[in-house]
Amino acid sequence: MFITFLDVVIGGLIMGGIYALIAVGLSLQYGVGRVLNVSHGEFIMLGAFATWSLYTVFGISPLVSLIICGPGLFLIGFLIHRTLFQYLRGTSESIGAFADSSLLASFGLLFIIQNLALLIWKADIRGLSYLNVPVSILGAIFEANRLIALLFAVGISLAFYIFLTRTRLGKAIRAAAEDPATAQVMGVNIRRVLAICFGLGALMAGFAGPLISMIYEMQPTMGLEYTIIAIIVVVLGGLGSITGSLIGGFILGLIGSVVTNFDPGLSLVAYYVIFILLLLVRPTGLLGKS
Amino acid sequence: MRILEGKKVTKHFGGLAALHYVDFDIKQGEVVGLIGPNGAGKTTLFNLISGSLPTTAGEIRYKGKKITGLKPHQICKMGVARTFQSAQLFAGLTVFENALAASLFGKKRSISVPDAEREAMELLEFVELSPVSTILAKDLPVANQKRLEVARALATKPELLLFDEVMAGLNPTEVAQAMELITKIRNTGITLFLIEHVMRAIMNICDRIIVLHHGEKIAEGTPQEIATSRKVVEVYLGE
Amino acid sequence: MDSTRVIYKRPFSLGILFLILILLATMPFYVQPYLVILLSSIFMYVIITLSWTIFSGPTRYISLASAAFFGVGVYTSAILGQALPLPVVIVIGGLVSFILALFIGLLTLRLRGMYFIIFTFGISELIRHFLLWWEANFTGTVGRWVVIVDNTTVYYVMLVIFIMALLTAYLIRRSRFGLALRSIGEYEEAATHIGINATVVKTTAFAISAFFMGLAGAIMATRWTYIDPRIAFDPLFSFMPVLMAIFGGTGQLYGPIFGAAIFAYLEEILITKFPYYYMLLFGTILIIVIMFLPHGLVGLVQKWRKGGSRR
């Protein structure tokens, strides 16, 4: 009984950590860059599959892949923003028009990336078996990879939280997220910050991918669901609040773990029920501005 | 008859009090000015009256009926119209369509399309915009955009009209024309509540003036009284 | 300036329209069966795109829920097709979609536009997951067999739905309801201040557009013989109408129709020739269109026209 409880909590924290990462990533891209990046999940998928390839072909551990995929996807995200989205920003007639066209462009990216993945890795379900060794803690048995994933998920989330709240660059990013106009007036090079933020969003995806590959199965079509979850977490935490996304991720992860324990097919439904309740009662989310 | 009254009207944004315990009342047929330094809460007050934003506390009544908590379209149909600081025109529609939309939807009772079209044309003539009725609103010069906003507000057949800095961005000739238009409107019996920074206009047109500062009402009276009030002068010079 | 052109065009274009309709109505009699099937598919895309444009065109609220509404129609057909006559099933498919849209609309359309887009983005996935779970746990059947209907009937039903949707779109455009929608799309706050009840207007248009998608889904289901939630709710159907409408241009009615027709035809060709690449191609085309042709074909036509008659 206690073991099941612990299992659910650990599972919830792992999922929560991953959700927190991907939600923070999406929040950075939307909050600062004003791009609702519906292809976010595809970046996560890329991270997961790249990890799989690195492991099965070169024997590189997923933990090492964190360092490869993270910055790698950061670069790709940065470049995509610098080229595609800044072009759209420059040629859009209004903020609303840019929001629409960037949304649709990211839709295009979704399809391009997913198709590329299907071409490279085919549509099969794949899994990594890494550190599947049982570890005994307090008499209960857990798998090492889950514990390590938990450690890294929570660790990276915390590290990012500290980065955002304690460092100068982090505070500049949060300021730009909450009030881009003022930030620009105060001399922040808004174009670079925007591209960096978009890249940071991809960085988060690049971290989440390997972690996911360690514990869950993956398919090239898995991206959409993660994008939806990231969006729900961002709304839960409050549009525009990055710390809200962090907290919201863990809350949703824990809820998801509890629901999955009862019925695995219902987790997305449960998330959407929460989403609906949010929209009815408090659309601004936990920490969002009223 | 009091056409508009506000009691202890308060609005908080997060921790910031944009308006605090503001009382006011306006009699039918009056022209009342609302002045104050930037950030005093003037547009916020208009937003509360028109229903754009909910009040944090306090009550606003129109012709005796409580309107706090109602949606903007309901308040509009009751007879309150407003213009916006930065013209909120339907940029991609023609001048005529802008007025027509207001004619069709702004009144309590439903109106037929031919009647609405006729009314819209009459209003465009009233504000002297009929020559450009087929031009897209976004292609109008600033002064004409303001006129169109006025026409649109008038098309809803209001008894109370809120003008938010209708003269901002106008040159002296245009200001004089705006003042004429306002007088024309006043003479049709509509009550006017104006936010304005152009002092010359306020002092000349208004029967009474209310002064806001940091979200509070600090003075109220005739233009003469306000012009000579030390409090008001200090507030403006201090900015 | 343009007014003489418009007056001259009206009886001319009505005549052409009539001819085209007669042509379409008599097609099954002298055309190969393969073309009838192809045309039904094209109608499907045209109807979905046209319906999408009824709401998303004037209001500029990008709906990503088309897959949900189409899928609801498909699934309704799968559930009821054995038990009820075809016309009833089709209408019920439309009505269920209508009600779903009312629900979504009243929930999200009173909030800022972003919430609407976000919510509609995941809704088809949600319904799919929910149905999978429901079918697995309560009804025991995942996947249903559909009553087969002959291709000519499918074609004529699609033609009728197309005409209904076109008529509705046209009438709305010219009505005060259409003016309200466009006002909302131009500047929603101002629209509410001139007396427009934005939430009700938006939700109504949204539900009307969902209705036609549901109708189309219910009849198209009969072409697929086997339906399960994954087949019924294909996210592609949320993406396609947006792409087709943008490609065609949303300013005029003919834009989405031609955009969808061209794209549907392209898709048929591409899917058979490059089954593994068509997502890639569509994604690339979408990005190119957004970057270089933001107003679609309609924009091109209007530019070409303006070039002809000096402003």
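Which residue is the bridge partner of B:Ile209 in β10(B)? To find out, let us walk through this predicted model, starting with chain B as a whole and then moving in on its strands.

Chain B contains nine helices and ten strands. Its radius of gyration is 18 Å, close to the 18 Å that the globule rule gives for 239 residues, so chain B is as compact as a globular protein of that length. If you draw a box along the principal axes, the C-alpha atoms of chain B fill roughly 50 × 40 × 35 Å. Of the 239 residues in this chain, 47% are buried. Looking at contacts in chain B with a separation of 6 or more, you will find that 66% of them come from residues 24 or more positions apart.

Now turn to strand β9 of chain B, which covers residues 208-213. This strand is mostly covered, with five of its six residues buried. On one hand, β9(B) pairs with strand β3, residues 31-35 of chain B, in the parallel sense, and four bridges make up that pairing. Here B:Ile209 of β9(B) has B:Gly33 standing opposite. On the other hand, β9(B) runs antiparallel to strand β10, residues 216-221 of chain B, and five bridges join the two. That brings us back to the opening question: the partner of B:Ile209 in β10(B) is B:Gly221. The strands β9(B) and β10(B) form a hairpin with two residues between them, and in this hairpin B:His214 takes a positive phi near 50°.

Let us leave chain B and visit the place where chains C and A touch. Chain C brings 34 residues to this contact, and chain A brings 34 residues as well. On the chain C side, the elements that give two or more residues are α4 (86-108), α5 (113-139), α11 (236-248) and α13 (278-292). The most comes from α5(C), with 13 residues. Sorted by type, the residues on this side of chain C are 27 nonpolar, five polar and two charged.

Our last stop is a single residue, C:Thr153, which you can find in helix α6 of chain C, residues 151-174. Is C:Thr153 buried, exposed or partly exposed? There are 14 other C-beta atoms within 10 Å, and a residue counts as buried at 20 or more and as exposed at 12 or fewer, so C:Thr153 is partly exposed. From C:Thr153 to C:Thr204 there are 51 residues in sequence, and their C-alpha atoms are 30 Å apart in space.

Note on methods
Residues numbered from 1 in each chain as written. Chains lettered and ligands numbered in written order. Predicted model: local features only at pLDDT ≥ 70, side-chain atom pairs only at ≥ 80, totals over all residues. Pairing = 2+ DSSP bridges. Rg over C-alpha atoms; globule rule 2.2 N^0.38 Å. Contact = placed C-beta atoms within 7 Å. Nonpolar A, V, L, I, M, F, W, Y, C, P; charged D, E, K, R; others polar.
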